[in-house]
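Work through these exercises with the structure open beside you. Try each task before reading its solution.

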Amino acid sequence: MTQTTLLQYEAPWPVHALDWCKSTAPGHQSRPRSAFRLGIASFSEDYRNRIAIVGLQDERVLVEDDYTDYPDFVTLVEANHGYPATNLQWQPASASGFPWTGKAPAAELLATTGDALRVWEYFGDAPPASSAYVGRQPTGGGHRLTLKTALSGQSKVQSQSTGPPLTSFSWNEKAPSLVVTSSIDTTCTVWNIDTSTAITQLIAHDREVYDVAWLPGSTDIFVSVGADGSLRAFDLRSLEHSTILYETPAPKSGPPATSASSRLPTSPLLRIAFNPADSNYMSTFHMDGQDVQILDMRSPGQPVIELRGHRAQVNAMGWSTTDRPTLATAGDDCQVLLWDLATYTQTATSPRSANSRLNSPRPDVKKRVVSDPIMAYSASSEVTNLAWSPQIPGMTMNTGHSTAPGEWLAIASGKSIKALKV
């Protein structure tokens, strides 16, 4: 029996934000198929956007290629979102069983950003009494998605209707009550979602902030990128200054600097992501750029690796959760590329402890250009986003078939979502 390496889902609307849940559902530990759940959000330029949770209808699709009576994924529950979600994330795996105030143990949290930071509670259904349910359309009876809190971008005003749009957010793995958001109003805000309060709000960039990420293992340090073309690190213990880790080079020829600013206009940086296995390394890319830059926090200033494989602008990237540094990138060229960076990053010294200061030096490293991904997947249209699963354990079904453990990569392309076994 061959194992399926591709699962598919057709959404009723164009998908933008998506994330793979970080753990099996509460009470479902004996059914690893509950790890096959995605949170997705629509993108339409009106106030009628939706978010949804989709899951495997029948785990037999994991082994039987001819099992086509039912779709691979089905919608478990959905909810109104208003403006499009700029980002969607499930709670970190470390939050499972976390003593949330007033949270029933059966609930999982996910969060979205848009005109506000919204925290949602998702209640999955109770474990089925028998396998008689397999293959039936879920009634949706046990699935609920309810809004827990909505926090506006204005820390001084706790109403839902004020505040400039939020572009992205990062959920802290070590302290799951902490979320940092980025906004077009140049600020980043650190929230405590348990108490629904803003811990601090700071002006992070000269222009819009497009993305933000906590340093893995740290509750104090986060980095951000924005329209001013800089990548900056902030330490909550010393907010009077930030560290500029990278600035996009000024264009060799371009419009002259205006009198208001002596600096030439530079290319905005759109996304930032840390390698979870070695937090010295992070990846970013430029707006309309076809290359991805890998930076080493110990030698800031210029990339140590540049990935050149896409033939159109890059839209999304994500690191695998394994110990081997693997980065997936996706773009308007309809390509998803997988990059194994182990041989390029092993020359590094031992990882810096997460809470050390940001200025531990390292010898200057010459930039390596890598243009040979280890895998390429062609989608039918532009790939707008991607999300890795955690390591999903193997499972044995009542048919006697079993699946191998491993990771999956979900990609969004128009209304289609495809999950690829890596």
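The exercises below concern a predicted model.

**Exercise 1. An open sheet**

Task: Find the order of the strands in the open sheet of four strands, and say which strands stand at the edges.

Solution:
- Step 1. Read across the sheet. The order is β2-β3-β4-β5, and the pairing is antiparallel.
- Step 2. Look for strands with a single partner. These are β2 (15-20) and β5 (73-82), so one side of each has no neighbour in the sheet.
- Step 3. Check the twist. From one strand to the next, it averages 20°.
- Step 4. Zoom in on one pair. Strand β4 (residues 49-56) is joined to β5 by eight bridges. Opposite I53 you find V77 in β5.

**Exercise 2. A buried charge**

Task: Locate D72 and decide what surrounds it.

Solution:
- Step 1. Place D72. The loop between β4 and β5 holds this residue.
- Step 2. Search for a salt bridge. D72 is buried but has none. K418, the nearest side chain of opposite charge, is 9.3 Å away. The cut-off for a salt bridge is 4 Å, so K418 does not qualify.
- Step 3. Search for a polar partner. A polar atom of the D72 side chain lies 2.8 Å from the backbone nitrogen of Q8.
- Step 4. List contacts, leaving out residues up to four places away in sequence. D72 touches L6, L7, Q8, G55, L56, Q57 and V61.

**Exercise 3. A covered strand**

Task: Describe the burial of strand β8 (residues 116-123) and name its partners.

Solution:
- Step 1. Count buried residues. Eight of the eight in β8 are buried.
- Step 2. Sort the side chains by direction. A116, R118, W120 and Y122 point one way from β8. L117, V119, E121 and F123 point the other way. In a regular strand, side chains alternate between the two faces of the sheet.
- Step 3. Take the partner β7 (residues 107-113). β7 and β8 pair antiparallel over seven bridges. They form a hairpin with two residues between them. L109 has E121 in β8 as its bridge partner.
- Step 4. Take the partner β9 (residues 144-152). Eight bridges link β8 and β9, again in the antiparallel sense. W120 stands opposite L147 in β9.

**Exercise 4. A loop residue**

Task: Is D332 buried, partly exposed or exposed?

Solution:
- Step 1. Place D332 in the loop between β23 (326-331) and β24 (335-340).
- Step 2. Read its relative accessibility. The value is 30%, so D332 counts as partly exposed.
- Step 3. Find a polar contact. The side chains of D332 and N315 are joined by one of 2.8 Å.
- Step 4. Compare sequence with space. D332 and E382 are 50 residues apart along the chain, while 4.4 Å separates their C-alpha atoms.

Technical notes:
Residues are numbered from 1 along each chain as its sequence is written. This is a predicted model: local features need pLDDT of at least 70, side-chain atom pairs count only at pLDDT 80 or more; totals for chains, interfaces and linings use all residues. Side-chain values use heavy atoms; hydrogens and water are left out. Two strands pair if DSSP finds at least two bridges between them. Axes are lines fitted to C-alpha atoms, for helices over the stretch in contact, and angles run from 0 to 180 degrees between N-to-C directions. Buried means under 20% relative accessible area, exposed over 50%, partly exposed in between (1.4 Å probe, protein chains only). Lys and Arg count as positive and Asp and Glu as negative; His and the chain ends are not counted. A polar contact is a pair of N or O atoms within 3.5 Å; within protein, one must be able to donate a hydrogen and the other to accept it, and residues adjacent in sequence count only if both atoms are side-chain atoms. Contact means heavy atoms within 4.5 Å.
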